[in-house]
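Q: Please take a close look at a single part of this structure. I am new to it and would be grateful for one connected account that begins with that part and then sets it within the whole.

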Number of protein chains: 2
Amino acid sequence: MTAHPFDAALQLKPDSEINPDQFSGATSQAWWNMVGPFGGISAAIAISAVFKHPDCLGEPVSLTINFAGAMTQGDFTVIAKPVRTNRSTQHWMLTVHQLDSTGQELVALTGTAMTAVRRETWSVNDMPMPVVELPHTVERLLPPSKSVEWIRRYDMRPVTGPLPSVWDGGAPSEDPLHASLTQLWIRDEPPRALNFASLTAMADVFFPRVWLRRSVQVPVGTVSLTVYFHACSTQLAEAGTGYVLGQARGQAFRNGFFDQAGQIWSKSGTLLATTHQLVYYKE
Amino acid sequence: MTAHPFDAALQLKPDSEINPDQFSGATSQAWWNMVGPFGGISAAIAISAVFKHPDCLGEPVSLTINFAGAMTQGDFTVIAKPVRTNRSTQHWMLTVHQLDSTGQELVALTGTAMTAVRRETWSVNDMPMPVVELPHTVERLLPPSKSVEWIRRYDMRPVTGPLPSVWDGGAPSEDPLHASLTQLWIRDEPPRALNFASLTAMADVFFPRVWLRRSVQVPVGTVSLTVYFHACSTQLAEAGTGYVLGQARGQAFRNGFFDQAGQIWSKSGTLLATTHQLVYYKE
């Protein structure tokens, strides 16, 4: 049986003889973006190293990944170091690096993560799922023939704020609350049961808000991605292979960087994760 | 002349003879919280080490701090390491540690930051400042006599979602969009010209959303704080010693952790920073 493309990309070999915190992997063409791999898969690889670490305590609650430079095709090394372990929480520092052509180590991403053993407490959702059309009534966004590869790994069904159909430099909406808003149903293609790693990758699927806001495809690149995990593994298992609803909205676009605030709900309305990112753009 | 309490807390001595990335400081009683220093001042100290580093490139665009454990009164060491420097961007890894009673190094916080040389580009604000009463028409929140110390370092004027006056366990609002929303004017007390470090600290001034949401003072502690800096130093200088408007809203409260999404505008309506945090709560 061939592994699902998502699991194939996450294969990591412990280098425990060299360093208990070190893992080796290789980039996957199935997840290629314009320059280097899709950021979501790189973030998923980094948090996977935490899960594979023999000392890992609990489940993830927070992850931040900073993309320091595009990865090149080939081998990479992940360092996932538990720098402080408390009674029920654990703090991690993460790096992914590759060797450059001269054999020097080049840091491709940095990150921090926190895992925790969670206990049942008073809970409430202050960000209810928006009422939108159901996925089977929405058309799937079919990747154009010249699409980057990673887009084909997802079934995406935009209900609000789709990719502009005309790149004419005209803003899509004058209503600032909706100008840079996208809502879309999403699941892995082929379907795959949701887990923390795939939820991490899905936090990065939103096309750049600046493209929606300007109807111009300026060069862009995510530089920082944060995911707060509100679901436990049981709630992720309940979401199964179904669609999740993602929502993202830009807040400020200023002098080369914009940010985005987002949410991901299960189809039944559980807020699984909230996410934020900062994105570089040119011009 | 005595230094402003904020600047006094940020005094760091380079330990460049030991390590070019190392700085020494000491905790400040003026910023004490329940257990350990106010998280905002610790985050400000960490990013200050980046600014003091001789290799620092540009101005901050992104900062994430994870609070790994309460700091104790006394000396601490900051490591701010530039792990990758590109043409116009630079990536940092941060730790603050203290020695425990047995002389072992204990990591108090971890972090990552990104600095950049920014260029003027197309810019727009998709998160306009809410229309609220002006600061001089709003009463200052006077710290109660038994208040923690750091509260006295700010002039805070809540316009929406103040600290509950009665701790009766009743939710403040049934409207989910406003249930955990706070808007407040804030400035340093005594007034001090805004800069990146003080803006960082202000991102952490919002009292815990769970207290507002439940009208119960359950034990809490911020575990992760992210700040995206949309302003450059010129725009911060324009904000000067004036009030800024902070807004924060909870999104999900689930099994021991809640998150908060926030914004900080200058009085003239420039979105200076957006911020997010994840907070531990008990029960």
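**A loop residue and its surroundings**

A: Leu10(B) counts as buried because 22 other C-beta atoms lie within 10 Å of its own, where 20 or more are needed. The model in which this is seen is a predicted one. Leu10(B) sits in the loop that runs between α1 (5–9) and β1 of chain B. Apart from neighbours within four places in sequence, Leu10(B) is in contact with Ala44(B), Ile45(B), Ser48(B) and Ala197(B). A further residue to consider is Ala49(B): 39 residues separate it from Leu10(B) in sequence, while the two C-alpha atoms are 8.9 Å apart in space.

The loop that holds Leu10(B) leads to β1 of chain B. Strand β1 (residues 13–14) is joined by two bridges to strand β2 (residues 22–26) of chain B, and the two run antiparallel. Within this pair, Pro14(B) stands opposite Phe23(B). Strand β2(B) is in turn linked by five bridges to strand β4 (residues 75–85) of chain B, again in an antiparallel arrangement. Here Ser24(B) of β2(B) has Thr77(B) of β4(B) opposite.

Another buried position of chain B is Ala273(B), which has 26 other C-beta atoms within 10 Å. Ala273(B) belongs to strand β13 (residues 271–281) of chain B. Setting aside residues up to four places away in sequence, its contacts include Leu199(B), Val227(B), Phe229(B) and Ile264(B). Ala203(B) is also among the residues that Ala273(B) touches; these two lie 70 residues apart along the chain, with 8.3 Å between their C-alpha atoms.

Nonpolar side chains tend to be buried together in soluble globular proteins. In this model the largest nonpolar core has 152 residues, and those touching the most other members are Ala46, Val244 and Leu272 of chain A together with Ala46, Val244 and Leu272 of chain B. Around Ala46(A), leaving out neighbours within four places in sequence, the contacts are Ile65(A), Val78(A), Leu94(A), Val96(A), Leu109(A) and Gly111(A).

The two chains also meet directly. In chain B, 55 residues are in contact with 55 residues of chain A. On the side of chain B that touches chain A, 22 residues are nonpolar, 23 are polar and ten are charged. Strand pairing crosses between the chains as well: strand β11 (residues 244–254) of chain A and strand β7 (residues 124–125) of chain B are antiparallel and share two bridges. One of the pairs is formed by Phe253(A) and Val124(B).

A turn of 180° with a shift of 0.0 Å along the axis lays chain B on chain A, with an RMSD of 0.0 Å. The chains are therefore related by a two-fold axis. Both copies use the same surface, since 100% of the contact residues of chain B recur in chain A.

For the overall form, chain A may be described. Chain A has five helices and 13 strands, and 50% of its 283 residues count as buried. Its radius of gyration is 19 Å, which agrees with the value near 19 Å that a compact globule of 283 residues would have. Along the principal axes, its C-alpha atoms fill a box of roughly 55 × 50 × 40 Å. Of the contacts in chain A between residues at least 6 apart in sequence, 70% join residues at least 24 apart.

Technical notes: Residues numbered from 1 in each chain as written. Chains lettered and ligands numbered in written order. Predicted model: local features only at pLDDT ≥ 70, side-chain atom pairs only at ≥ 80, totals over all residues. Contact = placed C-beta atoms within 7 Å. Nonpolar A, V, L, I, M, F, W, Y, C, P; charged D, E, K, R; others polar. Pairing = 2+ DSSP bridges. Helix = DSSP H or I, 4+ residues; strand = E, 2+ residues; numbered from the N terminus. Core = buried A, V, L, I, M, F, W, Y, C linked by C-beta atoms within 7 Å. Buried ≥ 20, exposed ≤ 12 C-beta atoms within 10 Å, placed from the backbone. Least-squares fit on C-alpha atoms with pLDDT ≥ 70 in both. Rg over C-alpha atoms; globule rule 2.2 N^0.38 Å.
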